[in-house]
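I am opening a notebook on this structure, and I mean to write down what I look up as I go. I begin with how the chains meet, and then turn to single chains.

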Amino acid sequence: MQTSFSSLKNQLFSFVRKEFYHVLRDKKVLLILFGLPVVQVLLFGFVLSNEVKDSRLVIVDMAKDEASRQLTNKFEASRYFETDLISANEADIEVAFRRGKIKAAIVFPSNFQYDLQHGNKTQLQIITDGTDVNQANTINGYISSIVYNFVSESNQQTVPYRVVPEIRMLYNPQLQGAPNFVPGVMAMVLMLVCVLMTSVSIVREKELGTMEVLLVSPMQPALAIISKALPYLLLSFLNLLIIIALSVYVLDVPVKGNIFLLISVSTLFIVTCLSLGILISTNTNTQQEAMFVSLIGMLMPTMLLSGFMFPIENMPLALQIISNIVPSRWYYIIVKDVMIKGAGFESIWMETLILGGMGLFFFVVSMKKFKIRLA
Amino acid sequence: MTADSSFSIQAEKLTKKFGDFTAVNEITMNVKRGEIFGFLGANGAGKTTAMRMLCGLSTPTAGEAVIAGCNVYKEVEQIKKRIGYMSQKFSLYEDLTIVENVEFFGGIYGMSRSDLKNKSEALITKLGLQNEVKKLVGSLPLGWKQKLSFSVAILHQPEIVFLDEPTGGVDPITRRQFWDLIYDAADAGITVFVTTHYLDEAEYCNRISIMVDGSIAALDTPTNLKKKFNTESMDDVFYELARGAKRGDN
Amino acid sequence: MMSTLKVLLRKEFRQIFRNKAILAISFIIPIIQFLILPLAANYETKNINLAIVDHDRSSLSQKLLTQITGSGYFRLVDYSSSYQQAYHLIETDKSDLILEIPQGFERNLVRENIGKVFIAVNAINGTKAMVGGNYLNGIISETNKNILTEFMPGTNLNQGIELTTSYWFNPKLNYKIALIPGILAVLVTMVGGFLSALNIVKEKESGTIEQINVTPILKRDFILGKLIPFWILAMIVFTIGLALAYFVYDIVPQGNLLVLYSFIAVYLLAVLGFGLLISTFCNTQQEAMFLQFFFIMIFILMGGLFTSIDSMPEWAKVLAQFNPVNYMINVMRLVLLKGSGFRDILPDFAVVIIMAIVLNGWAVFNYKKTS
């Protein structure tokens, strides 16, 4: 018993070591393996946001009176907008929209000041570009609030009875985008990289014919496959640590919950994704296919159905059901709960179980397929 | 260097360096038209590097060469029109059929449709591959692939055909058949420049050269070499020359 | 020369059609995603979960609550007097917002003219909860008007400015219309980019590229032979996408299709050129795939589809100028949704032409038959 176990260990060790050589020697791939998550975190942290800023706004002032000028100044002063004045007409507005040069336009009616002063209703026309729905809503909101501020400042009559809401943001008091997306980026990047790397690397051996050499060796096929995945497990683990470190030190999003819990569940997630990669490799024959299936086939569903970019409750029922089989959906919940809300295992036991179950399932099915091929 | 049309390949002090490492060191040789010239050497001696320079795949660091009448520095693309090549790695498209491969490579050399049709039929008949016509090249056994590759390499009647270790991995009978093809090509006037490891194949060549550590250690007919080194077989000639080599399998 | 190209193209097409797997993947996967994505991509907020903690239980608080629940945006998940209870619901993601009405709400309003309420927003779930918070805010302001009427009849509510909003090009603010042109652009970019990047590298890996290098084939013809088939494939995928957009999502192109197609033609050349360029730097398919993925991911994220370019910091805006996907998404929106014409997209066109020339030129330059 002793000898067979140690020879097994030796076998495994030599296989794993060979795999490490493969991976570590490909500098370009390594660069991207680590560069990708870093770039993504940085992108989401510093570049991408839903904030409205510097949106180009055009003002058509048909009144050209004191009041209209005052209100226009307010828009010019606002950091949300970059304001331009055109004294022309609607046709010009249309051209400006069609050239993609503006996001919104405001039209002052000619009797603006007069109506204001005489307590008549006056209409301000706001035209917003509806092709970017998110922005349209927000832009409208900002325009409205600027206008209402103007009104309440200029109008000495305040509404006598008011309900005043005081708003408090939970978990994310400064309303940073980061807590929102760090879990998402983790889920997405880890899944993609693990699935992609494993599937391609296994299929590569199939294509080059070296797989047969492995199969002919006294090593159990299951172990051969596992040893292929092992280096990626370690690399992804490193990646995980890098993302967490970036999040804590660069983006100021601390890990509120237990960091060991986070890391262990993340490792489970990584293993599940590696199993998925193995499953894909048993079903594809060329590297190209494996790549396409992993990337284009997995990329979109992960991005869309994991709940990270779009809320799952809003989706049609069919999609909601499908989202249940996307591993990153469950992982995303776990990370959010543990990292951002500081929850403990009690809150995430169900998701963890599901994730583990998926991993097991992928692995068992791929082993079966593999054995069939051999027989 | 003046081009002499009785030679297909003229090389003088041809050198290739990669940084500090001199892979090919001032080799000088002339290959006659229609000759079967064997280019031998241990692994790492510089054979493949030398051949790549002669094919126009790699620019020499120093020295001169004229291949099929063209200057190796200035007329590289012209060289390519006049030569054929069969690589070690085996380069027909595995996902195309025999005919499709022929059409492709022939077409690149500017052969006309009718010419190609005739030639490909002749090729298939000669190799006895009538039953495999519809199959993808990837599904053929190694020996047939090699013979095919050679036939495709000479399809456009080049002046020289370069063969890089063409008979690796097949049984002796198939190798013999391959060499029959080489003889036919030489009889038709094509110069054959072949690198090989198999020393019995050296006996089939008109002349051979043996490279050791980047230089040509010997260049003559097999008979003369055996006399010179006073040995019975090419194996022994090779052994005498190569055993002091720094680069190789020793 | 022309015939060499023809020979090359024949070979490429034969190889492509024989590769059933890749064909299937290049068409089926994008199409499926094209159909699914817009269904998933829905930022619309409805059914916002609201937990109410009412310490006052006065007629005024009731009035406020009726107004809120009557708006249709919210789903009342709890009504109690315990903040703890409500907070627990947020912790377990069963509620997005808490509205807490303090004791003495009505009394304070009548006596001191101001009644405070507290809204707690689950700010992790970014969009949904914050929009919900905004809605609540809005409803409360509406309520203010109603309260006025009740307490001070005769007040002239018609003072002030009335805003009329119109949303051009997408009056109902339909998310699908907003996203689909961009999604199509992204999918076509991915298919074209990956196919072209992997192709040359495959020849490198199998060794057939040496055979090619030894022949008199011109570099230019070789590269063209790689470009053209994938260009055709990508155009087909694009056309299918457009057709789907029309039949499934009712997106009727507002502008001239000829303008759109001429732009796509050049854009695809740029994208394919980029893929080819990448493949000249790589020796294995794995490398090529990763490198390509790396860049495409960055391009897509920074392309202005999910987030707006205006909101980026200045240095990022400069980088965005070099992103081809940016121009494609822009033109897709302009022509499909706004009916822009050729002159409107001229600047984008010019940039993409330059990109196509530079990228392809660089690829040809890099590809050396003789090393």
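**Which chains meet**

I looked first at chain A and chain B, and found that they do not touch, their nearest C-alpha atoms being 13 Å apart. I note here that I am reading a predicted model. Two pairs of chains are in contact, and of these I find that chains A and C share the most contacts.

**Chains A and C**

I asked how many residues each chain brings to the contact of A with C, and the count is 87 residues from chain A and 92 residues from chain C. On the side of chain A that touches chain C, the elements giving two or more residues are α2, α4 (90–98), β4 (122–129), α6 (133–154), β5 (162–170), α7 (178–208), α11 (287–305) and α13 (327–340) of chain A. Which of them gives the most to this side? I find that it is α11(A), with 12 residues. Sorting the residues of this side of chain A by class, I get 45 nonpolar, 24 polar and 18 charged.

I then picked out one helix pair that spans the two chains, namely helix α2 (residues 27–47) of chain A and helix α11 (residues 285–301) of chain C, which pack at an angle of about 10 degrees with their axes 9 Å apart. Angles under 35 degrees count as roughly parallel, so I enter α2(A) as roughly parallel to α11(C). From α2(A) I list A:K28, A:V29, A:I32, A:G35, A:L36, A:V39 and A:L43, which meet C:Q286, C:E287, C:F290, C:L291, C:F294, C:I298 and C:L301 in α11(C). By class, the residues of this helix contact divide into 10 nonpolar, two polar and two charged.

**Domains of chains A and C**

For chain A, I find a division into domain 1 (12–48 + 177–374) and domain 2 (55–154), and the C-alpha centres of these two domains of chain A lie 48 Å apart. Chain C is likewise divided, into domain 1 (2–41 + 173–366) and domain 2 (48–151), with the C-alpha centres of its two domains 49 Å apart.

I also looked up the overall form of chain C, which has 14 helices and five strands. Its C-alpha atoms fill a box of roughly 95 × 45 × 40 Å along the principal axes. A compact globule of 371 residues would have a radius of gyration near 21 Å, whereas I find 29 Å for chain C.

**Chains B and C**

Turning to the contact of chain B with chain C, I find 22 residues of chain B in contact with 18 residues of chain C. On the chain B side, the elements that give two or more residues are α2 (76–82) and α3 (98–108) of chain B. By class, this side of chain B has 10 nonpolar, six polar and six charged residues.

**The strands of chain B**

Inside chain B, I traced an open sheet of six strands in the order β6-β7-β8-β3-β9-β10, with mixed pairing. Why is one side of β6 and of β10 of chain B left without a neighbour in the sheet? Strands β6 (83–86) and β10 (215–220) of chain B stand at the edges and each has a single partner strand, so one side of each is left without a neighbour. On average, neighbouring strands of this sheet are turned by 15 degrees against each other, direction ignored.

Within this sheet I followed strand β3 (residues 36–41) of chain B, which runs parallel to strand β8 (residues 191–196) of chain B and is joined to it by five bridges; here B:F37 stands opposite B:F193 in β8(B). Helix α1 (residues 47–55) of chain B packs on the sheet, touching β3, β6, β7 (160–164), β8 and β9 (207–212) of chain B, and its direction makes about 155 degrees with that of β7(B). Helix α9 (residues 234–242) of chain B also packs on the sheet, where it touches β3, β9 and β10 of chain B and makes about 30 degrees with the direction of β9(B).

Last, I looked at strand β1 (residues 7–18) of chain B, which pairs with strand β2 (residues 21–32) of chain B in the antiparallel sense over eight bridges, and B:A11 stands opposite B:M29 in β2(B). The hairpin of β1(B) and β2(B) has two residues between the strands, and B:G19 there takes a positive phi near 70 degrees. β1(B) also pairs in the antiparallel sense with strand β4 (residues 62–67) of chain B, over five bridges, and I note B:V66 in β4(B) as the bridge partner of B:Q10.

Conventions. Residues are numbered from 1 along each chain as its sequence is written. Chains are lettered from A and ligands numbered from 1 in the order in which they are written. This is a predicted model: local features need pLDDT of at least 70, side-chain atom pairs count only at pLDDT 80 or more; totals for chains, interfaces and linings use all residues. Two strands pair if DSSP finds at least two bridges between them. Helices (H or I, at least four residues) and strands (E, at least two) are DSSP runs, numbered from the N terminus. Axes are lines fitted to C-alpha atoms, for helices over the stretch in contact, and angles run from 0 to 180 degrees between N-to-C directions. Two residues are in contact if their C-beta atoms, placed from the backbone, lie within 7 Å. Domain bounds come from an automatic or database domain assignment. Ala, Val, Leu, Ile, Met, Phe, Trp, Tyr, Cys and Pro count as nonpolar, Asp, Glu, Lys and Arg as charged, and the others, Gly among them, as polar. Angles under 35 degrees count as roughly parallel, over 145 as roughly antiparallel, 65 to 115 as roughly perpendicular and the rest as oblique. The radius of gyration is taken over C-alpha atoms; the globule rule is 2.2 Å times the number of residues to the power 0.38.
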